[in-house]
Amino acid sequence: MHYPIKAKKSLGQNFLVDGNVLRNLAGALDLGPEDTVLEIGPGTGMLTELIQPVVGRLIAVELDRNLAGILRVKFFNCPNFTLIEGDILDQDPTTLSPGIPLRVVGNIPYYITSPIIFHFFDHRTCARDMALLMQKEVAERMVAQPGDKAYGILSVFSQTFSDAAILMQVPRTVFHPRPKVDSALVRWTFTTARSCQINDEALFRRLVRTAFNQRRKMLRKSLREAFPLERLNDIDLTRRPEDLGVMDWIDLANRFVE
Ligand code: SAH
């Protein structure tokens with residue numbers, strides 16, 4: 001480490017300390033001079049210092065006041081760098097660079113992985129793509145297919161709103177302090193190819209959530225309280241949520257829209 005930093009567990013601080021892995025990661029992000037980048041949780045700026053020189057603009061959001069102080073000093077002379085000291089979940093990313101699609105990146109705090117992902121799914125129209133490092137088992141959910149154990153709400157949303165891929169695996173040994181889990185880098189490239197077929201997105205989300213909240217139950221049971229199933233005489237409601245692919249969810253949701 002370049003700075004005598006005591007990592008705060010409560011803020012999910014596991015710093016990337018391996019130069020090779022940092023370089024591979026920065027390369028995998030595939031950033032260039034046209035890009036406006038939003039980095040979540042830059043920490044001491046080890047990844048930041050690799051990407052700041054090659055991108056058009058870099059906006060970094062860091063919650064830890066001490067780290068924010070370090071970043072201000074480190075990037076003092078960089079006009080393309082903006083630091084926001086605050087909680088990423090309090091930011092409305094649509095206001096950060098209106099009209100220019102963001103490229104969202106980060107070795108994020110793992111304790112809020114799902115909230116961060118859902119936050120950016122909600123605001124995905126302002127982003128071109130998002131590449132985040134996360135626990136490997138969580139990464140696998142993004143690309144899981146019907147029938148896989150990891151298949152769930154995050155799989156359906158990821159594959160509805162984006163093309164999702166795991167770009168690289170990162171072992172626990174390259175972080176300080178060393179976490180108990182291995183990591184992987186996921187990239188979501190946002191696309192409307194599938195989501196534009198959804199007639200009512202709020203209903204679609206509610207349907208998927210409701211079904212997976214009781215993932216072992218047949219749709220007939222998990223949905224009957226909240227959805228008018230009598231409209232669906234021709235659909236096999238003995239299936240369970242893990243049996244339905246993304247297009248099945250979209251078709252099913254559209255059946256409830258007048
Ligand atoms: N990207 C750095 C640090 C990763 S650790 C590296 O790779 O070394 C996660 C970082 O997210 C920490 O710097 C932590 O302070 C920050 N963080 C934690 N909660 C946050 C929040 N809600 N909003 C923004 N940053 C947060």
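The legends below describe close-up views of a predicted model. Residues are numbered from 1 along each chain as its sequence is written, and side-chain values use heavy atoms, with hydrogens and water left out. Local features need pLDDT of at least 70 and side-chain atom pairs count only at pLDDT 80 or more, whereas totals for chains, interfaces and linings use all residues.

**View 1. Residues around the ligand.** The ligand is surrounded by 22 residues (each with a heavy atom within 4 Å of it), and those that come nearest are Q13, G41, E62, D87 and N107. Sorted by class, this shell holds twelve nonpolar, seven polar and three charged residues; Ala, Val, Leu, Ile, Met, Phe, Trp, Tyr, Cys and Pro count as nonpolar, Asp, Glu, Lys and Arg as charged, and the others, Gly among them, as polar. Strand 1 (15-16) and strand 3 (57-62) each supply at least two residues of the shell; strands are DSSP runs of E with at least two residues, helices are runs of H or I with at least four, and both are numbered from the N terminus.

**View 2. Polar contacts of the ligand (pairs of N or O atoms within 3.5 Å).** A ligand nitrogen atom lies 2.9 Å from a polar side-chain atom of D87. For I88, a backbone N or O atom is 3.0 Å from a nitrogen atom of the ligand. The side chain of N107 places an N or O atom 2.7 Å from a ligand oxygen atom. Taken alone, the ligand exposes 570 Å², of which the protein buries 99% (Shrake-Rupley method, 1.4 Å probe).

**View 3. The largest pocket.** The ligand sits in this pocket, with more than half of its atoms within 2 Å of the grid points. A pocket is an open set of points, on a 1 Å grid over the protein atoms alone, where a 1.4 Å probe fits, with protein on both sides within 12 Å along at least five of seven lines; lining residues have an atom within 4 Å of a point. The largest pocket holds about 360 Å³ of space, a volume filled by probe spheres set on points joined across faces, edges and corners. Of its 29 lining residues, G41, P42, G43, E62 and N107 are the closest to its centre. Strand 1, strand 2 (36-40), strand 3 and strand 5 (102-107) each give two or more residues to the lining.

**View 4. A cis peptide bond.** H176 and P177 are joined by a cis peptide bond with omega about -10°. P177 lies in the loop between strand 8 (175-176) and strand 9 (183-190).

Terms used
A polar contact is a pair of N or O atoms within 3.5 Å; within protein, one must be able to donate a hydrogen and the other to accept it, and residues adjacent in sequence count only if both atoms are side-chain atoms.
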